[in-house]
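Subject: The two-chain model, with notes

Hi there,

Here is the structure I promised you. Have a look at it first, and then read on for what turned up in it.

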There are 2 protein chains.
Amino acid sequence: MARIVMKFGGTSMAGIERIRHVADRVRREAEDGNQVLVVVSAMAGETDRLVQFCREASALHDPKEYDVVVASGEQVTAGLLAMTLQNMGVNARSFMGWQLVRASGVHGNARVEKVEGAMLDDSLSGGTVAVIPGFQGVSDDGRLATLGRGGSDTSAVAIAAGLNADRCDIYTDVDGVYTTDPRIVPRARKLDAITFEEMLELAGVGAKVLQPRSVGLAMREKLPLRVLSAFEDLPGTRIVAELSGADMERNEIAGIAADRNEARVTLTRIADRPGTVAAVIGPLAEAGILVDMIVHAATQGEQASDLTFTVPRAALGQAVAVLEKARQETGYADLLTDDTVAKVSIVGVGLRSNPQLAATMFDTLAAHTINLLAVTASEIKVSALVAETDLEHAVRVLHTAFGLDAEKAA
Amino acid sequence: MARIVMKFGGTSMAGIERIRHVADRVRREAEDGNQVLVVVSAMAGETDRLVQFCREASALHDPKEYDVVVASGEQVTAGLLAMTLQNMGVNARSFMGWQLVRASGVHGNARVEKVEGAMLDDSLSGGTVAVIPGFQGVSDDGRLATLGRGGSDTSAVAIAAGLNADRCDIYTDVDGVYTTDPRIVPRARKLDAITFEEMLELAGVGAKVLQPRSVGLAMREKLPLRVLSAFEDLPGTRIVAELSGADMERNEIAGIAADRNEARVTLTRIADRPGTVAAVIGPLAEAGILVDMIVHAATQGEQASDLTFTVPRAALGQAVAVLEKARQETGYADLLTDDTVAKVSIVGVGLRSNPQLAATMFDTLAAHTINLLAVTASEIKVSALVAETDLEHAVRVLHTAFGLDAEKAA
């Protein structure tokens with residue numbers, strides 16, 4: 001017997017027919033003798049509908065009232081799934097976020113602080129399936145608080161951690177985590193297993209299967225996750241702390257990530273003295289602009305050199321405004337921008353031990369005459385900034401070079 | 001400065017444009033220096049949509065889960081109204097039913113037990129408008145509980161009573177309480193004032209402006225109500241404990257009620273001995289069938305006589321089944337039914353003191369050759385059962401006879 005959290009996304013909950021299908025999945029886990037908690041999203045489209053109401057009501061709305069409005073979507077699906085399960089002869093009941101999930105931080109983007117497990121423990125021990133609306137909890141001041149878009153993944157992981165679940169299964173409209181975006185590489189392969197760190201690096205660069213916050217939380221809590229199709233009976237992808245056993249034979253590179261959400265900024269002839277980089281990045285951070293790749297190498301013998309970095313494409317205009325205001329302190333000569341760049345990354349725990357992998361990446365791109373505009377590396381990821389027109393080509397040749405192509409198209 | 005509860009129905013809350021209109025009304029009351037609590041219904045059609053989901057999920061659904069699903073509609077409008085008010089520069093915040101309304105009794109049809117006033121008191125004293133979803137509270141076991149359809153009226157009155165409000169204004173899609181149904185009598189007149197008792201009698205026989213439970217509660221709490229148009233600036237109808245001042249000059253009859261929801265049952269030759277009427281009514285009551293008009297007069301010198309009564313038309317088949325089963329105990333000769341009857345009633349506090357009014361009713365109906373199938377009277381109401389085909393004619397002639405016709409059509 002295991003204690004399992006099952007999380008279903010909005011596509012899986014869109015309408016009573018699909019909810020019945022979800023209930024059937026849940027019933028099977030319960031009939032196998034497992035203690036089951038289910039975390040649900042709102043019906044697909046419902047949260048957008050509610051957000052739209054809020055926008056119409058007031059362009060700048062109070063996040064506390066926003067939370068009251070948008071939290072209702074998951075409340076509805078939780079009640080409907082509980083009654084559908086009961087109708088199938090499964091003992092089930094819903095719990096509301098305000099009854100058991102303590103949240104903190106800002107409304108509209110709160111964090112799960114604590115899950116009140118006692119009530120759930122009793123229910124599970126008595127053989128009752130617990131159905132819980134995702135994406136919400138109750139704040140210190142006793143008001144509804146939501147966790148930010150995609151927050152149901154985080155709810156599921158936090159509830160699984162708080163209730164000492166054996167694992168947390170995320171049912172979604174894809175059947176697992178792929179080696180890269182199958183729209184770019186039709187022979188992309190589904191991974192049997194991936195580490196938390198790899199998943200975080202892939203999520204951070206555009207593989208939007210799971211909310212990154214939920215992966216980080218699962219990693220801290222050492223809670224195994226699975227990503228599974230809500231529609232087909234397939235094994236999905238396990239997300240684990242470390243690869244072991246048969247998983248060890250997996251490629252050293254887990255996947256190739258593509259990210260078009262990049263714009264490049266170059267400040268020319270910045271003085272080479274302590275504090276100039278900080279003088280650039282500081283004002284951007286204060287404005288809430290996330291600076292990603294930073295390339296700055298002082299040229300020997302020169303008094304000044306260029307600083308290049310990337311920002312999210314949508315923030316480019318704001319970044320330019322901030323930098324123009326800070327020109328005095330930073331003292332650059334020219335401010336150059338380019339929003340036709342993109343980032344390709346190789347991600348894999350193998351990068352820790354095998355320096356040849358990064359070399360293979362650069363050799364492969366060079367062999368295909370793909371120009372590198374900037375390069376950065378972290379422990380398990382190497383990223384190259386390329387012209388956006390080169391992006392898909394780069395992904396394809398790297399996918400082949402690292403032996404990730406499946407025998408036939410997905 | 002007064003403390004006011006304003007309640008808005010689903011038609012008034014249907015969409016952001018209308019919510020803005022409601023907010024404008026609320027703003028004016030707040031700017032007049034009043035402490036304002038607003039109780040809101042779900043957007044028109046939303047509760048039906050949610051109920052339909054529940055029906056599809058499970059024909060026989062758990063009322064606790066039903067409550068979770070349907071309570072969401074008012075949560076949405078409460079949040080939206082609060083943010084719309086804030087956008088207009090009015091201090092406002094929403095409170096949820098589970099934060100302050102304790103309910104008891106069965107889920108899906110709970111009663112308001114207590115309103116936790118301290119939090120609201122603080123908010124109102126600080127000049128903040130409180131917006132509260134109607135129709136819901138929290139049960140003893142800490143779960144969401146709804147009050148039954150139309151329950152937002154009852155929420156509003158309970159909150160007004162619990163917070164010692166000076167009055168409770170019910171904004172709706174009609175502009176007040178009329179002397180009769182304007183679809184039957186185009187010259188029906190809006191009443192300036194009506195007593196609680198009259199309103200209850202009119203509501204009980206088909207004037208569906210307010211949920212009867214809310215009127216009964218206001219009467220017990222001696223809380224003045226007003227029924228007002230949500231769309232036009234008109235004075236509406238005051239509902240008061242006793243008529244006074246200028247209201248005393250109102251007609252002795254407040255209105256004429258029409259009710260088609262009647263079916264007649266006659267049991268012939270029931271033995272004239274103690275307990276036979278009880279033997280008939282008892283099993284019907286046990287089956288949850290409300291027996292309305294009862295006419296039974298023992299004929300002098302006979303050992304047996306007929307018993308006639310009415311039941312809701314939809315319950316006629318069930319009533320016949322119950323009575324056939326109880327034939328042994330009741331010992332009637334024949335069971336006759338008629339579902340083409342209807343009830344016309346005159347309602348007014350004048351009936352207490354002026355016996356001529358009932359006589360005028362019978363004279364008027366007789367003068368128009370409308371046959372009386374049964375007659376009952378309570379303290380402030382006289383009802384006549386007539387053929388359904390006579391109903392509208394009866395309402396019109398009585399409306400004229402009691403001087404209720406307006407100068408021109410409504």
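One definition before we start: a salt bridge here is a side-chain nitrogen of Lys or Arg within 4 Å of a carboxyl oxygen of Asp or Glu. Please also keep in mind that this is a predicted model.

Let me begin with the interface. The side chains of E46(A) and R49(B) meet there in a salt bridge, with 3.7 Å from N to O. That distance is within the 4 Å limit, so the pair counts. The rule finds 2 salt bridges across the interface of chain A and chain B. Polar contacts add to the picture: 14 residue pairs, both partners at pLDDT 80 or more, are in polar contact across this interface.

Which parts of chain A touch chain B? The elements giving two or more residues to that side are α1 (16-31), α2 (46-57), α3 (63-70), α4 (72-87), β3 (92-94) and α5 (97-100) of chain A. The largest share comes from α4(A), with 10 residues. Sorted by class, this side of chain A has 19 nonpolar, 11 polar and 8 charged residues.

As for the extent of the contact, chain A puts in 38 residues and chain B also puts in 38 residues. About 3100 Å² is buried between chain A and chain B, and carbon and sulfur atoms give 61% of that area.

Now to chain A by itself. The domain assignment splits out domain 1 (3-173) and domain 2 (256-401). The centres of these two domains of chain A, taken over C-alpha atoms, are separated by 39 Å.

Salt bridges turn up well beyond the interface, too: the count over all chains comes to 61. One of them joins the side chains of R3(A) and D121(A), at 2.8 Å from N to O. R3(A) sits in strand β1 of chain A and D121(A) in helix α6 (residues 117-125) of chain A, so this pair ties together parts that are 118 residues apart in sequence.

How many aromatic pairs does the structure hold? Over all chains there are 3. In one pair, the rings of F8(A) and Y171(A) have centres 4.6 Å apart and planes at 15 degrees, so they are stacked. F8(A) belongs to strand β1 (residues 3-8) and Y171(A) to strand β9 (residues 167-172) of chain A, so the pair links parts 163 residues apart in sequence.

Last, a stop in chain B. Y178(B) lies in the loop between β9 (167-172) and β10 (193-195) of chain B. Its side chain makes a polar contact with the side chain of D175(B), at 2.9 Å. The C-alpha atoms of Y178(B) and V344(B) are 15 Å apart, with these positions 166 residues apart along the chain.

Best wishes

Terms used
Residues numbered from 1 in each chain as written. Chains lettered and ligands numbered in written order. Predicted model: local features only at pLDDT ≥ 70, side-chain atom pairs only at ≥ 80, totals over all residues. Heavy atoms only, no water. Contact = heavy atoms within 4.5 Å. Buried area = accessible area lost by both parts, 1.4 Å probe. Polar contact = N/O pair within 3.5 Å; in protein donor to acceptor, adjacent residues only side chain to side chain. Helix = DSSP H or I, 4+ residues; strand = E, 2+ residues; numbered from the N terminus. Nonpolar A, V, L, I, M, F, W, Y, C, P; charged D, E, K, R; others polar. Domains from an automatic or database assignment. Phe/Tyr/Trp six-rings, centres within 6.5 Å; stacked < 30°, edge-to-face > 60°.
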